[in-house]
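Hi there,

Here is the structure I promised to pass on to you. Have a look at it first, and then read on for what turned up.

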Amino acid sequence: MITLRPLQGDAEIHACAHTMSTSEPWLTLGRSYEESVAVLSDASKEVYVAVAAEELAGFIIINMQGAFRGYIQTVCVMPAWRGQGLGSQLIGFAEARIFRDAPNVFMCVSSFNAGAQKLYRRLGYEVIGELKDYVVAGHAEILLRKTIGPLAGFKGREAKT
């Protein structure tokens, strides 16, 4: 059974940072271990981990501030847990959390990350833009959105259970 909860402590930060800095898409994007630690330690972000029998299985980082309020910044599944639906579960968790306070979920996916693009399309995300050479030269970040309505008049809703 997978439990989703807020990130807790330095050991989890460092385990997550290690996975990010040693796997795709972060290798191609040039994300270092130190940069990964900084992202995971940023108090302005919400970081949730997936835990199975006290083993860290994955994590998700959400940004609820700024122009793209409701932005999924990172979805990461530990190597041993890939291909088992955990990424979809993490995204579903993030969507429920975001849709309580915002009508849109945003995320970017790298142009070279075909597997993630396929998953996000299957989950109902639409391409709304492309940022060429945004993070690294030669690759684009594709901006995606899933929506339950416009910002104007949005009052929030309870999370799906």
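Let's start with a question: does Glu-95 count as buried or exposed? Its relative accessibility is 11%, so Glu-95 counts as buried, the cut-off being under 20%. Please keep in mind as you read that this is a predicted model.

Glu-95 sits in helix α4. If we set aside the residues within four places of it in sequence, Glu-95 is in contact with Val-105, Tyr-125 and Lys-146. Other buried residues of α4 include Leu-86, Leu-90, Ile-91, Ala-94 and Phe-99.

You can also check the length of this helix yourself. Helix α4 has 16 residues, running from 86 to 101, and at 1.5 Å a residue it should span 22 Å. The C-alpha atoms at its ends are 24 Å apart, which agrees.

Now for the aromatic rings. A pair of them is described by how far apart the centres are and by the angle between the planes. In this model the count comes to three aromatic pairs. In one of them, the ring centres of Tyr-48 and Phe-93 are 4.9 Å apart and the planes stand at 70°, so the pair is edge-to-face, a label for angles over 60 degrees. This pair links distant parts of the chain: Tyr-48 belongs to strand β2 (residues 46–52) and Phe-93 to helix α4, with their positions 45 residues apart in sequence. Tyr-48 counts as buried at 13% relative accessibility, whereas Phe-93 is partly exposed, with a relative accessible area of 26%.

Another pair is formed by Tyr-120 and Tyr-125. Their ring centres lie 6.3 Å apart and their planes are at 65°, so this pair is edge-to-face. Both Tyr-120 and Tyr-125 are buried. You have met Tyr-125 already, as one of the contacts of Glu-95.

Finally, please find Cys-16 in helix α1, which covers residues 9–21. Its relative accessible area is 0%, so Cys-16 is buried. Which residues is Cys-16 in contact with, leaving aside its neighbours within four places in sequence? They are Leu-7, Leu-40, Val-49, Leu-56, Phe-59 and Met-78. It is also worth locating Gly-58: Cys-16 and Gly-58 are 42 residues apart in sequence, and their C-alpha atoms are 7.7 Å apart in space.

Enjoy exploring it, and write back with any questions.

Best wishes

Definitions and conventions:
Residues are numbered from 1 along each chain as its sequence is written. This is a predicted model: local features need pLDDT of at least 70, side-chain atom pairs count only at pLDDT 80 or more; totals for chains, interfaces and linings use all residues. Side-chain values use heavy atoms; hydrogens and water are left out. Helices (H or I, at least four residues) and strands (E, at least two) are DSSP runs, numbered from the N terminus. The expected span of a helix is 1.5 Å times one less than its number of residues. Buried means under 20% relative accessible area, exposed over 50%, partly exposed in between (1.4 Å probe, protein chains only). Rings of Phe, Tyr and Trp (its six-membered ring) pair if their centres lie within 6.5 Å; planes under 30 degrees apart count as stacked, over 60 as edge-to-face and the rest as tilted. Contact means heavy atoms within 4.5 Å.
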